[in-house]
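Grab your favourite viewer and work through the exercises below. Each one sets a task and then walks through a solution.

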Amino acid sequence: MKTTIDMPIKIAGARVLLRSPSQEFRGSLLKFFLTNREFFEMNQPGRGDAFYTDAHTRTYIEDQLEQIENDKGCLFLVFLKENDRCVIGTINFFSFIRGGFQACYLGFQISEAHQGEGLMSEALRLGIDYVFTEMNLHRIMANVRPENTRGVKLLHKLGFEFEGHAREYLRVKGKWEAYDNTALTNPDWAERLE
């Protein structure tokens, strides 16, 4: 089932704005990654110096737009409504699987400067609603390190349920780390005939 997506995507909440990626925001996205590099790499694999370049950011945005176009994923850049030029976070719904599964994975990050303000909670609610209603996915899976207490608490608050513990799931800072597997299902999912 192919989903038609109107581009660019723009979703406004009370305090945040979600936008599909665009080369227009390339500089701001690169600055976001650079500013938060050390902070993010506490809970994810290191990306290497090549990731933190303008050339890579250009390609990254092109790849993400292709994912949206081909119904394989959906990246949102997160902005404050009061400053819609400065990326403060990303939400990535990726690895879409259609057919009998209708599911994807979720990754998210917000700048260290905006931790604990409830902005990612609002942004994720908007993104999840979009993916469930507009893209008609049935299941979103998110894996989180148990030590990432903010991430664990946020997923629980959003209704994600613990489904298991994966030992040696992802290599972070040279060490295989365990992650908890969580998932959220769409209670209003209905098959769409095209």
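Here are five exercises with their solutions.

Before you start: this is a predicted model, so local features need pLDDT of at least 70, side-chain atom pairs count only at pLDDT 80 or more, and totals for chains, interfaces and linings use all residues. Residues are numbered from 1 along each chain as its sequence is written, and side-chain values use heavy atoms, with hydrogens and water left out.

**Exercise 1. Helix α3**

Work out whether the end-to-end distance of α3 agrees with its residue count, and find which of its residues are buried.

Step 1. Helices (H or I, at least four residues) and strands (E, at least two) are DSSP runs, numbered from the N terminus. Helix α3 covers residues 54-69.

Step 2. The expected span is 1.5 Å times one less than the number of residues. For the 16 residues of α3 that gives 22 Å, and the end C-alpha atoms are 23 Å apart, which agrees.

Step 3. Now the burial: buried means under 20% relative accessible area, exposed over 50%, and partly exposed in between (1.4 Å probe, protein chains only). T57, Y60, I61, Q64 and I68 are the buried ones in α3.

Step 4. Looking down the axis of α3, these buried residues fall within an arc of 95°, so they line one face of the helix. That arc is taken over the directions from the helix axis to the C-beta atoms. The background is simple: an α-helix has 3.6 residues a turn, so residues three or four places apart point the same way.

Step 5. Flip to the other side of α3 and you find A55 and E69 exposed. The cover over the buried residues includes α1 (26-35), β3 (74-80) and β4.

Step 6. Just past the helix, α3 is followed by D71, which has a positive phi near 55°.

**Exercise 2. Two buried helix residues**

Find what T57 and L155 touch, leaving out residues up to four places away in sequence.

Step 1. Contact means heavy atoms within 4.5 Å. With that cut-off, T57 touches R26, L29, L30 and F51. Its relative accessible area is 1%, so T57 is buried.

Step 2. L155 belongs to helix α5 (residues 149-157). L155 touches L106, F108, A142, V144, F160 and T182. L155 is buried because its relative accessible area is 2%.

Step 3. For a long-range check, take the C-alpha atoms of L155 and D84: they are 71 residues apart along the chain and separated by 25 Å.

**Exercise 3. Positive phi in two loops**

Decide whether Q102 is buried or exposed, and do likewise for K173.

Step 1. Q102 has a positive phi of about 50° although it is not a glycine. Q102 is found in the loop between β4 (83-97) and β5 (103-110).

Step 2. K173, also not a glycine, has a positive phi of about 50°. Its loop runs between β7 (161-172) and β8 (175-185).

Step 3. Q102 has a relative accessible area of 7%, so it is buried. K173 comes out at 64%, so it counts as exposed.

**Exercise 4. Cysteines**

How many disulfides does the structure hold?

Step 1. A disulfide is a pair of cysteine sulfur atoms within 2.5 Å. The structure holds zero of them.

Step 2. Take C104: the closest cysteine sulfur, in C74, is 9.1 Å from its own sulfur, too far for a bond.

Step 3. C104 is buried at 0% relative accessible area, while C86, at 32%, counts as partly exposed.

**Exercise 5. Aromatic rings and charges**

How many aromatic pairs does a search of the whole structure find?

Step 1. Rings of Phe, Tyr and Trp (its six-membered ring) pair if their centres lie within 6.5 Å; planes under 30 degrees apart count as stacked, over 60 as edge-to-face and the rest as tilted. The search finds twelve pairs.

Step 2. F51 and Y52 have ring centres 5.1 Å apart and planes at 75°, so this pair is edge-to-face. Both residues are buried.

Step 3. F76 and Y130 also pair edge-to-face, at 5.7 Å centre to centre with 90° between the planes. This pair links distant parts of the chain, with F76 in strand β3 and Y130 in helix α4 (residues 119-133), 54 residues apart.

Step 4. F32, F33, F39, F40, F51, Y52 and Y60 form one aromatic cluster.

Step 5. A charge sits over a ring if NZ of Lys or CZ of Arg is within 6 Å of the ring centre and within 35 degrees of the ring normal. R47 does this over F33, 5.2 Å from the ring centre, and R19 over F79, at 5.6 Å.
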